[in-house]
Amino acid sequence: MSDTSTPELMTVKETSEYLRIPLPTVYYLVQRGQLPAVQIGGRWRIKRSLLDRDVLRKEEEAGQPTVMVVDDDPALQALFKQFLKKAGFGRLVVGTGAEAISLAKKQKFDFVFLDLKLPDVPGDEVYSQLKELHPDLPIVIITGYPDSEVLSRILSHGPVTVIKKPLEYDQLNKAVKQLGHKGSETPA
C-alpha cells in the first residue's frame with residue numbers, strides 16, 4: 001500500500017526531502033534522466049512509486065562493487081560505462097590521475113581499471129598513490145604499451161593484471177571474474 005503522507009507525484013522540493021539529498025542534486029539527477037520524472041506545466045514531478053521501486057531498492061542492494069575507471073579516452077570510457085552497468089557495478093569514470101587520487105582519498109573502491117598514459121600524472125605514480133591509500137585495492141592496468149618503462153615500474157611492486165588495448169568486452173569480463181566478481185554474461 002502507498003504511504004498517504006507522501007504524494008504519488010512529488011515536487012522537486014518534496015523529492016529532496018524524501019530522499020534526504022540537496023535540492024540542486026535532485027534537479028541534476030532529474031535533468032540527467034536518473035530519477036523517474038515527468039514535466040507537468042513546465043515543472044518537474046517525480047513519481048514516488050517508481051522512485052521507491054527503482055532508486056531506493058538499488059540503494060538497499062548496495063552490495064554491488066564500486067569500480068573506478070581511470071582513462072582519458074572517451075571511446076574507452078563509454079565501453080567501460082556500458083560494460084560495468086551490464087555487470088551491475090557502481091562505477092565512476094575519470095579522465096585524469098589527479099581526479100583518481102582525489103576520489104580514492106574520499107571513497108573506497110572494490111577495484112580500479114587504470115590506464116598508464118594519462119594527461120597529467122604517469123600511470124605508475126597513480127598506481128603507487130592508490131596503493132598507498134588502499135594497499136589491498138585490486139588495480140587492473142590497461143595499456144597500449146605493454147613493454148613500457150611505466151609498466152615495468154608497476155610490475156616491480158608485484159604481480160598485476162594487465163589488459164592490452166584495444167580493449168574487448170571479453171577481456172574486461174575475464175579480468176572482473178579473476179578479481180572474484182561475477183562479471184557480465186551478455187556482451188555489449
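What share of the contacts in the chain with a separation of 6 or more comes from residues 24 or more positions apart?

1. That share is 60%, counting contacts with a separation of 6 or more and asking how many link residues 24 or more positions apart. Keep in mind that this is a predicted model.

2. On to the overall make-up. The chain has 188 residues, and 38% of them are buried. Its secondary structure adds up to eight helices and eight strands.

3. As for the surface, about 10,900 Å² of the chain is exposed. Carbon and sulfur atoms account for 51% of that area.

4. Now a local feature to look at: the pairing of S2 with S3. Strand S2 covers residues 37–40 and strand S3 covers residues 43–47; the two run antiparallel and are joined by four bridges. If you want a pair to click on, Ala37 has Ile46 in S3 as its bridge partner.

5. The turn of that hairpin is worth a glance too. Two residues sit between strands S2 and S3, and Gly41 has a positive phi near 60 degrees.

6. There's also a nonpolar patch on the surface, made up of Leu9, Val38 and Ile40. Together these residues offer about 220 Å² of accessible area. Leu9 belongs to strand S1, residues 9–10, while residues 37–40 make up S2.

7. Buried or exposed, or in between: where does Leu9 fall? Leu9 counts as partly exposed because its relative accessibility is 37%, and partly exposed is the range between under 20% for buried and over 50% for exposed.

Note on methods
Residues numbered from 1 in each chain as written. Predicted model: local features only at pLDDT ≥ 70, side-chain atom pairs only at ≥ 80, totals over all residues. Heavy atoms only, no water. Patch = residues over 30% accessible without salt bridge, like charges linked within 9 Å, V, L, I, M, F, W, Y side chains within 5 Å. Areas by Shrake-Rupley, 256 points an atom, 1.4 Å probe, with all protein chains shown as cover. Salt bridge = Lys/Arg side-chain N within 4 Å of Asp/Glu carboxyl O. Buried < 20%, exposed > 50% of the residue type's maximum accessible area, 1.4 Å probe, protein only. Contact = heavy atoms within 4.5 Å. Pairing = 2+ DSSP bridges.
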